Amino acid sequence: MYEQAQEVLAGGPAAAELRVSDELAWSVGLACGGEVEVWVEALDDAGFDEITREVEAGERLARVTVVAGRTGFGRSVLVAPDGAVEQSLGLGRAR
């Protein structure tokens, strides 16, 4: 994960695969082992400020980022619990 964080600080997003064995799971607070792929990216000031305002106001939200595919890679939107999206990923209509 350290290497991926260094890539992000150098100017680009990175994906990291985290693996925890069943034997170590309890020691890190998990019920069982497994693996997960995590997307790591830096937020610009505007993005950080927007998320901070929502959280401080007690709002829930999700940040959705395109991490695979031929178009839209790295684009993000914030989604409210009711599904409202203020921006667009610019990928055309959902199907």
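Select Thr65 in this predicted model. Its relative accessibility is 19%, and because the cut-off for buried is under 20%, Thr65 counts as buried. The residue belongs to strand S3, which covers residues 62–65.

Next, show what surrounds Thr65. Setting aside residues up to four places away in sequence, Thr65 touches Trp39, Glu41, Gly74, Arg75 and Ser76. Of these, pick Ser76 and display side chains: a polar contact of 2.7 Å links the side chain of Thr65 to that of Ser76.

Now go to helix H3, residues 45–56. Pick the C-alpha atoms at the two ends of H3; they are 16 Å apart. That agrees with expectation, because 12 residues at 1.5 Å a residue should span 16 Å. Colour H3 by accessibility: one of its 12 residues is buried, so the helix lies largely in the open. Just after H3, select Gly58 and check its backbone torsion; phi is positive, at about 80 degrees.

Move to Arg19, in strand S1 (residues 14–20). Is Arg19 buried or exposed? Its relative accessibility is 62%, so Arg19 counts as exposed. Display its side chain together with that of Glu17: the two side chains are joined by a polar contact of 2.3 Å. Beyond neighbours within four places in sequence, Arg19 is in contact with Gly34 and Glu35.

For the last stop, keep Arg19 selected and add Asp82, 63 residues away along the chain. The C-alpha atoms of Arg19 and Asp82 are separated by 33 Å.

Technical notes:
Residues are numbered from 1 along each chain as its sequence is written. This is a predicted model: local features need pLDDT of at least 70, side-chain atom pairs count only at pLDDT 80 or more; totals for chains, interfaces and linings use all residues. Side-chain values use heavy atoms; hydrogens and water are left out. Helices (H or I, at least four residues) and strands (E, at least two) are DSSP runs, numbered from the N terminus. Buried means under 20% relative accessible area, exposed over 50%, partly exposed in between (1.4 Å probe, protein chains only). Contact means heavy atoms within 4.5 Å. A polar contact is a pair of N or O atoms within 3.5 Å; within protein, one must be able to donate a hydrogen and the other to accept it, and residues adjacent in sequence count only if both atoms are side-chain atoms. The expected span of a helix is 1.5 Å times one less than its number of residues.
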